[in-house]
Amino acid sequence: MVPTYPQSNLALLVARILLAVGFVMDGFFFATNPAGGAGYIQSVGLPGFLVYPAIVALLGGGLMVLVGYQTRLASLFLAVLTVALAFVFHNKFSDMAEMLFFKKDLAIAGGFLALMVAGAGDWSVDGARGQE
């Protein structure tokens, strides 16, 4: 069982916001500029049409974590996705900037795994539904 403290719900809300904001912003960018998103995806040798599942994954997963709906499942999905994408997009380990992005992605995945274990907290859709 995850220990609870008086500040737990606030900390979990802030954690959800911090983890989700980048995914929601990237998903919104891809949705409003699919050609730009496709170009970025193609820059690593993947087909540009993957921008559409990326929009669903980034916006959908990010919004689920943000509002705390099915948080454990969404957090696990985004943790796995983040690690996979780190290897695809930031695999030039001799480049210090790419290595920084790679390590950042691993840290984000760790945050998602912690959120998966802790759950969304009471200040969430899951909490309101009694599915914490």
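Q: In this predicted model, which residues of α5 are buried?
A: Let's start with the helix itself, in a model that is predicted. A residue counts as buried when its relative accessible area is under 20%. The buried residues of α5 pack against α1, α3 and α4. In α5, those buried residues are Glu98, Phe102, Asp105, Ala109, Phe112 and Leu115.

Q: How far apart are the end C-alpha atoms of α5?
A: Here a little arithmetic helps. α5 has 23 residues, and at 1.5 Å a residue the helix should span 33 Å. The model agrees with that expectation, because the end C-alpha atoms of α5 are apart by 33 Å.

Q: At the start of α5, which residue has a backbone nitrogen that a side-chain oxygen of Asp95 reaches?
A: Both ends of α5 have a detail to look at. Just after the helix, Gly119 takes a positive phi of about 85°. At the start, a side-chain oxygen of Asp95 comes to within 2.9 Å of a backbone nitrogen, and that nitrogen belongs to Ala97.

Q: Is His90 buried or exposed?
A: You will find His90 in the loop between α4 and α5. Its relative accessibility is 12%. Buried means under 20%, so His90 counts as buried.

Q: With which side chain does the side chain of His90 make a polar contact?
A: Leaving out residues up to four places away in sequence, His90 touches Tyr40, Leu85, Glu98, Phe101, Phe102 and Asp105. Among these neighbours, Glu98 and Asp105 are buried residues of α5. The polar contact from the His90 side chain has a distance of 2.8 Å, and its partner is the side chain of Glu98.

Q: Which element gives the largest share of the largest nonpolar core?
A: This core has 21 residues, and Phe30, Ile41, Val51, Val65, Leu78 and Phe112 touch the most other members. Two or more residues come from each of α1 (8–32), α2 (34–42), α3 (51–67), α4 (71–89) and α5 (96–118). The largest share is six residues, and the element that gives it is α3.

Q: Which residues is Val65 in contact with, leaving aside neighbours within four places in sequence?
A: Val65 is one of the core residues that touch the most other members. Phe112, another of those core residues, appears among its contacts. The full set for Val65 is Arg16, Ala20, Ala74, Ser75, Leu78, Phe112 and Leu115.

Q: Is α2 roughly parallel or roughly perpendicular to α3?
A: Pro34, Gly37, Ala38 and Ile41 in α2 meet Val51, Tyr52 and Ala54 in α3. The two helices pack with their axes 9 Å apart, at an angle of about 105°. Angles from 65 to 115 degrees fall in one class, so α2 is, relative to α3, roughly perpendicular.

Q: Is Asn9 buried or exposed?
A: Asn9 is found in helix α1. Not counting residues up to four places away in sequence, Asn9 touches Gly121, Asp122 and Trp123. Its relative accessibility is 18%, so Asn9 counts as buried.

Q: What is the separation between the C-alpha atoms of Arg129 and Val88?
A: Arg129 sits in the segment after α6 (125–128). At 42% relative accessibility, Arg129 counts as partly exposed, and it touches Tyr69 and Gln70 when residues up to four places away in sequence are not counted. Arg129 and Val88 are 41 residues apart along the chain, and their C-alpha atoms are separated by 37 Å.

Definitions and conventions. Residues are numbered from 1 along each chain as its sequence is written. This is a predicted model: local features need pLDDT of at least 70, side-chain atom pairs count only at pLDDT 80 or more; totals for chains, interfaces and linings use all residues. Side-chain values use heavy atoms; hydrogens and water are left out. A nonpolar core is a set of buried Ala, Val, Leu, Ile, Met, Phe, Trp, Tyr and Cys residues joined through side-chain atoms within 4.5 Å. Buried means under 20% relative accessible area, exposed over 50%, partly exposed in between (1.4 Å probe, protein chains only). Helices (H or I, at least four residues) and strands (E, at least two) are DSSP runs, numbered from the N terminus. Contact means heavy atoms within 4.5 Å. A polar contact is a pair of N or O atoms within 3.5 Å; within protein, one must be able to donate a hydrogen and the other to accept it, and residues adjacent in sequence count only if both atoms are side-chain atoms. The expected span of a helix is 1.5 Å times one less than its number of residues. Axes are lines fitted to C-alpha atoms, for helices over the stretch in contact, and angles run from 0 to 180 degrees between N-to-C directions. Angles under 35 degrees count as roughly parallel, over 145 as roughly antiparallel, 65 to 115 as roughly perpendicular and the rest as oblique.
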